[in-house]
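User: Hello! I would like a close look at one part of this structure, with the reasoning spelled out where there is some.

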Amino acid sequence: MSKSNIVSLTALDGTKIQFEEAKCNEKGAMKAVYFSPDKSYVVGFFRKEQDRNSRERLEKIIDTYAKQLFEKDGGENLKKLFCWPTHIVEWDHNGIHKLGVVAPTYRSNFFFSGGKYKGLEKEGKWFASSKLRNKMLEDDQKGTWLSYLQICIKIARAVKRMHAAGLAHSDLSYKNVLVDPLKGDACIIDIDGLVVPGKFPPDVVGTPDFIAPEVLETVSLPKEDPKKKVPSILTDRHALAVLIYMYLLYRHPLRGGMVCDPDDSAKDEELSMGSQALFIEHPVDKRNRPKIQNLDKFELPQGDVTKLPYTLCGPFLSVLFEKAFIDGLHDPSKRPSADDWEKALIKTVDLIQPCQNPQCREKYFVFDNTKKPKCPFCGTPYKGELPILNFYYRPRPTESFRYENYRLMVFSKQSLYKWHIDKNIHPNEKLSDADKKPVGDFHLHNGKWILINRAMEELYDVSDANNHKKIAIGTSVPLTEGRKILFGKDPSSRLCVVQIVSN
Amino acid sequence: MRRLPVYLMLDTSGSMYGEPIEAVKNGVSVLLSALKSDPYALETAYISVITFSSDVKQIVPLTEINSVNEPSLSAGGCTELGKALEVVSDCIDREVVKSSSEQKGDWKPMVFIMTDGEPTDNIKLGLDRFKKTKTGIVVACAAGTAANTDVLKEITENVVSLASTDSESIKAFFKWVSASISTGSQKIENSGQESSGMDDLPPPPDEINIVV
């Protein structure tokens, strides 16, 4: 590498920025992208001249908004969820003055590491389409259903914090989110278009599939019309709900069998995603149910809502899908917030069971809480004993324990964490490294389920109200029907009652 | 799932012999390989290739992008562009799924015409037939500097020239047209105009020169 093709610029904040002029990735429509010599960051120069407003927005994004997001509690953990621009540079090149933004390089796990698509970015679209999953992608790239829950948690968390800082992404789609199903990882990219209500209006209406119905419905109104709806935090909520639905069910929640305009496909699209939009799984209004006979064989089984209804995602997510696509579809204020989604997704992870069929394509499923649990994806019934911990908490230190609609499905070698045993600890970006360590683990030992205490100072078997038995660290407690376990003496400590499902 | 039918009409006449036909081959090849690694195109795009010289042939029937093999192209003969417009109209009538009240049909087909632009037949009949066919965006690409853009302008108002037929230009071009069908075309639909003028579409990337 000769030194001559390395361009050195000074960013507006004085930082020295270098990139290799010869190695330009011309792919992007908006920007020409260059790598730094050590490949740790990229510099993207806008193809079109940026107006003052866009420039001011970029300055705010790299400074004020970055601080609002990352200099708060849990900010360090949050950084990994975004590819956030870090500097602005200006370059006079071939007589043209160019504005560029510097951003970290995507982590290597966001590129296909092998197979047909080796080297390509893991754009979310690859994993959200049944046809691409069933026909194009290699099996070893798809990950498990559990990894998609983890991906959704990360996306919801990132959006939650943006919204908490008063920022709307405005173009949330599987195009602007990289995902890695092998690690359950996600990262939001292309942040240049952030919308700040009242300050920086949106540049775009969004990406098809993710544009909120009210935006599409009013797209032809002039800018000044007060009835015109543009991207905002409320439309981000629609896009987030669509993303989560698509990553967990691999189909679009509004693309069903209903034909709104048989003469014109574009008009039909506009109506069925806009003013006439209807959830394909609406419990009463069934006009938009997908017609199986019209589906390509590679869209099945995921396209069949009778076989794989949204309720397979469990009780917490089902309620939110109903809010997002029934109550809130045309009433933006009723849409679940990103925070609602994050919480429901986290609670859903605790309902997960590994499928006992080694050939199962999804590997994990949400325990369906019936007497005969079975994997919804491959139909394999669960065989054996399945312990469930039903959690209780004390609203106030002096009050008695109450059921909190929170459960943990136990499987072998699964870990118990602090957020299970203490209601004040949440598994979000604010979680400290110390609180990330398991405090116990579950095993099927000689045909009996046990919980081994690894780090709980105060663990008690309180099945007998008159005789609380302490479970010392390194020892275990059997999990049998009706057993009551108290996880500590703090006011925030939880109690659980064991329930056994036998099949 | 709605398919996005894409008809490629390629001039393989004698005037294309040599460097031009190689450029078109290269264009098709990079177009196919770009689309085969684009998840959006892999999901919805279906491609057909029609060549026109003394004879007009649909050498690739409308086929899912992942299954399209690179067609073999050779140049020779005259430029029966008028006949080609008839053939593409027949293919569209036969292959594109129409909407009914029971089933969502395909997107309106996109038609790309690549030529060096001097038809040897009378295009009038074919042009009339083509104008009656329901199409989405029709883009005529003048390959090379010798192309007659006036004739192409009769077929469609969207005439462009590609200074380069590298994969990035063509992919950028394809993405632009594809995005136009899903979102940009709403504007056109709302104003009640079937045909799509360049001004109503999202701005094309720098790779594409618009011929006005």
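How many helices and strands does the secondary structure of chain B come to? Please take me through that chain closely, and then tell me what else stands out in chain A.

Analyst: Happy to help, and please keep in mind that this is a predicted model. The secondary structure of chain B comes to 6 helices and 7 strands. Followed along the sequence, these elements run β-α-α-β-β-α-β-α-β-α-β-α-β.

Chain B has 212 residues, and 58% of them are buried. Among its contacts with a separation of 6 or more, 74% join residues 24 or more positions apart. The accessible surface of chain B is about 8500 Å², with 50% of that belonging to carbon and sulfur atoms.

For a single residue to look at in this chain, try Asn158(B). You will find Asn158(B) in the loop between helix H5 (149-155) and strand E6 (159-162) of chain B. Asn158(B) counts as buried because its relative accessibility is 1%, under the 20% cut-off. The side chain of Asn158(B) reaches the backbone oxygen of Val138(B) at 3.2 Å.

Now for chain A, beginning with a helix. H9 of chain A covers residues 315-327, and its 13 residues should span 18 Å at 1.5 Å a residue; the end C-alpha atoms are 17 Å apart, which agrees. The buried residues of H9(A) include Phe316(A), Leu320(A) and Phe325(A). As a group, the buried residues of H9(A) pack against helices H5 (145-164), H7 (233-249) and H10 (338-349), and also against strand E13 (402-409), of chain A.

That strand leads on to a sheet. In chain A, 6 strands form an open, antiparallel sheet in the order E13-E12-E21-E20-E17-E18. E13 and E18 (469-470) stand at its edges with a single partner strand each, so one side of each has no neighbour in the sheet. Further in, E17 (residues 460-461) and E20 (residues 484-486) of chain A pair in the antiparallel sense over 2 bridges, and Tyr460(A) stands opposite Leu486(A) in E20(A).

A last point concerns the cysteines. There are 0 disulfides over all chains. For Cys83(A), the closest cysteine sulfur is in Cys187(A), and the 5.5 Å between the two sulfurs is too far for a bond, because a disulfide needs them within 2.5 Å. Cys83(A) is buried at 11% relative accessibility, and Cys496(A) is buried too, with a relative accessible area of 0%.

Notes:
Residues numbered from 1 in each chain as written. Chains lettered and ligands numbered in written order. Predicted model: local features only at pLDDT ≥ 70, side-chain atom pairs only at ≥ 80, totals over all residues. Heavy atoms only, no water. Buried < 20%, exposed > 50% of the residue type's maximum accessible area, 1.4 Å probe, protein only. Helix = DSSP H or I, 4+ residues; strand = E, 2+ residues; numbered from the N terminus. Expected span 1.5 Å × (residues − 1). Contact = heavy atoms within 4.5 Å. Areas by Shrake-Rupley, 256 points an atom, 1.4 Å probe, with all protein chains shown as cover. Polar contact = N/O pair within 3.5 Å; in protein donor to acceptor, adjacent residues only side chain to side chain. Pairing = 2+ DSSP bridges.
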